[in-house]
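Visitor: I'm new to this structure and would like to learn how to read it. Could you take me through some features, one at a time?

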Amino acid sequence: MPLTPLVNWAQRHEDIYLRVELTDAQIIDVHVQENVLLFRAQGNGAKGQNEYEFSLEFLSPVKPEVKYKSTQRQVNITVLKEQRGWWERLTAQERKPVFLTPDFDRWLEESDAEMEIREKEEKKNKLKAVRHKQEGFVSLKTGYLFLYNLVQFLGFSWIFVNMTVRLFIFGEESLYDTFNSISDVMFFCQILASVEVLNAAFGVVKTGVVPTLIQVVGRNFILFIIFGSLEEMHHQPVVFFVFYLWSGIEIFRYPFYMLGCCNTEWENLTWLRYTIWIPLYPLGVLAEAVAVIQSIPIFNESKLFSIPLPKAIGTSINFSYVLYVYLVLMAMGLFINSRHLYKQRKKRFRTKKRKSN
């Protein structure tokens, strides 16, 4: 005949917990029928390896859904009360079944259970407060990044469209007047781009600080030192090519980031953002190098930014030596940033390929 296992029980205001002392239980059948819990399983209990079963008629109504989990040592059963409350005993019969004992590992008096509920509510409220605070920060960060990328997109779009229209209308003449017509907006966009270094440094965006720093410092050096400080460079055609290549990259990069702030992606734009740099970035560095080389004779003649030495030596270090060093650094920066951008592209499209599979 089937044997009866040892059963431990405990309660909370909404749940009944049963722990059946049955190891390696198999073929488990647990269900509630007319407010009676029926259990049957094969396992190793107090009488060895046998079939065990029991039934419990609950004191008050319970829900028909039963949850159970079998481990190597026991079977844990959870039954939900129909109405929230505290029962004076588990079964409808006043006399406790001989196989039923309190589960002292989980046993709580009613007052302790109420205190446990309060502690859980307090913990839940604290978690909610932290979550709301984090969501507020995320919303603020997202709004800030969206606005920043929008402003940069509008700025570089204006530059790109303006230069394109001027090229069609004025032809070759537009190449010599780029600095006077475009520089104010380019100064604004490149000064604002310095924020990207801070964003990377403080973790506002997940990107490397070094590649961002190389790009921002490199561009601002060309813009402010090579173009801005030398009036002779204002009418050089190289200014057109530098500005056009810079803006040609950014009109795809910034809208990609804008859509990212909205958790939205446009596949064509994503492809352009991670591909357009392959021809344009090296060409942009080449144009910058040409601008530096063209400025060297001007710096030699004007002695601008020359570093004076003590009178005993009686000479000064020409700024052109700095430019020669800078040309070497440009080549190094091209390698570092190209490698960084290639890794980004490879990672992006490898991830998309995995998702599609």
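Guide: We'll go through salt bridges, burial, the core and the surface patches in turn. Keep in mind that this is a predicted model.

Visitor: Let's start with salt bridges. How many does the structure hold?

Guide: A salt bridge pairs a side-chain nitrogen of Lys or Arg with a carboxyl oxygen of Asp or Glu, within 4 Å. The structure has eleven of them. Take Arg-19 and Asp-105: their side chains meet with N to O at 3.9 Å.

Visitor: Where do those two sit in the chain?

Guide: Arg-19 belongs to strand S2 (residues 15–20), while Asp-105 lies in the loop between strand S8 (100–102) and H1. They are 86 residues apart, and the pair links distant parts of the chain. There is also a network of salt bridges here, linking Arg-19, Glu-21, Asp-103 and Asp-105.

Visitor: Is Arg-19 buried or exposed?

Guide: Look at relative accessibility: under 20% is buried, over 50% is exposed, and in between is partly exposed. Arg-19 has 14%, so it counts as buried. Its partner Asp-105 has 70%, so Asp-105 counts as exposed.

Visitor: What lies across from Arg-19 in space, 56 residues apart along the chain?

Guide: That's Val-75, with 5.8 Å between the two C-alpha atoms. Val-75 is in strand S7 (residues 75–81), and it counts as buried because its relative accessibility is 0%.

Visitor: Can you show me another salt bridge, this time with a helix in it?

Guide: Try Arg-166 and Asp-177, whose side chains meet at 3.1 Å, N to O. Arg-166 is in helix H1 and Asp-177 in the loop between H1 and H2, eleven residues apart. Arg-166 is buried because its relative accessible area is 17%, whereas Asp-177, at 29%, counts as partly exposed.

Visitor: And which residue forms a salt bridge with Arg-219?

Guide: Glu-250 does, and their closest N and O atoms are 2.7 Å apart. This pair links helix H4, home of Arg-219, to helix H5, home of Glu-250, across 31 residues of chain. Both Arg-219 and Glu-250 are buried.

Visitor: Now for the inside. How many residues does the largest nonpolar core have?

Guide: Think of a core as buried nonpolar residues joined through their side-chain atoms. The largest one here has 44 residues. Those with the most contacts inside it are Ile-222, Ile-226, Phe-227, Met-233, Phe-243 and Leu-323.

Visitor: Which helix gives the most to this core?

Guide: H7 does, with eleven residues. Each of H1, H2 (178–192), H4 (209–228), H5 (237–261), H7 (277–302) and H8 (319–356) supplies at least two residues of the core.

Visitor: What about the outside? Which residues gather in a patch of positive charge?

Guide: They are Arg-106, Lys-120, Lys-124 and Lys-128, gathered on the surface. Lys-124 is in helix H1 (residues 110–170). Patches are made of residues with over 30% relative accessible area. Lys-124 has 43% relative accessibility, so it counts as partly exposed.

Visitor: Which residues form a nonpolar patch?

Guide: Val-161, Val-165, Phe-168, Ile-169 and Phe-170 form one on the surface, with about 540 Å² of accessible area together. Phe-168 is another residue of helix H1, and it counts as exposed because its relative accessibility is 70%.

Note on methods. Residues are numbered from 1 along each chain as its sequence is written. This is a predicted model: local features need pLDDT of at least 70, side-chain atom pairs count only at pLDDT 80 or more; totals for chains, interfaces and linings use all residues. Side-chain values use heavy atoms; hydrogens and water are left out. Patches are made of residues with over 30% relative accessible area and no salt bridge: like charges are joined within 9 Å, nonpolar side chains (Val, Leu, Ile, Met, Phe, Trp, Tyr) within 5 Å. Accessible areas come from the Shrake-Rupley method with a 1.4 Å probe; for residues, only the protein chains shown count as cover. Lys and Arg count as positive and Asp and Glu as negative; His and the chain ends are not counted. The place of a charge is taken as NZ of Lys, CZ of Arg, CG of Asp or CD of Glu. Helices (H or I, at least four residues) and strands (E, at least two) are DSSP runs, numbered from the N terminus. Buried means under 20% relative accessible area, exposed over 50%, partly exposed in between (1.4 Å probe, protein chains only). A nonpolar core is a set of buried Ala, Val, Leu, Ile, Met, Phe, Trp, Tyr and Cys residues joined through side-chain atoms within 4.5 Å.
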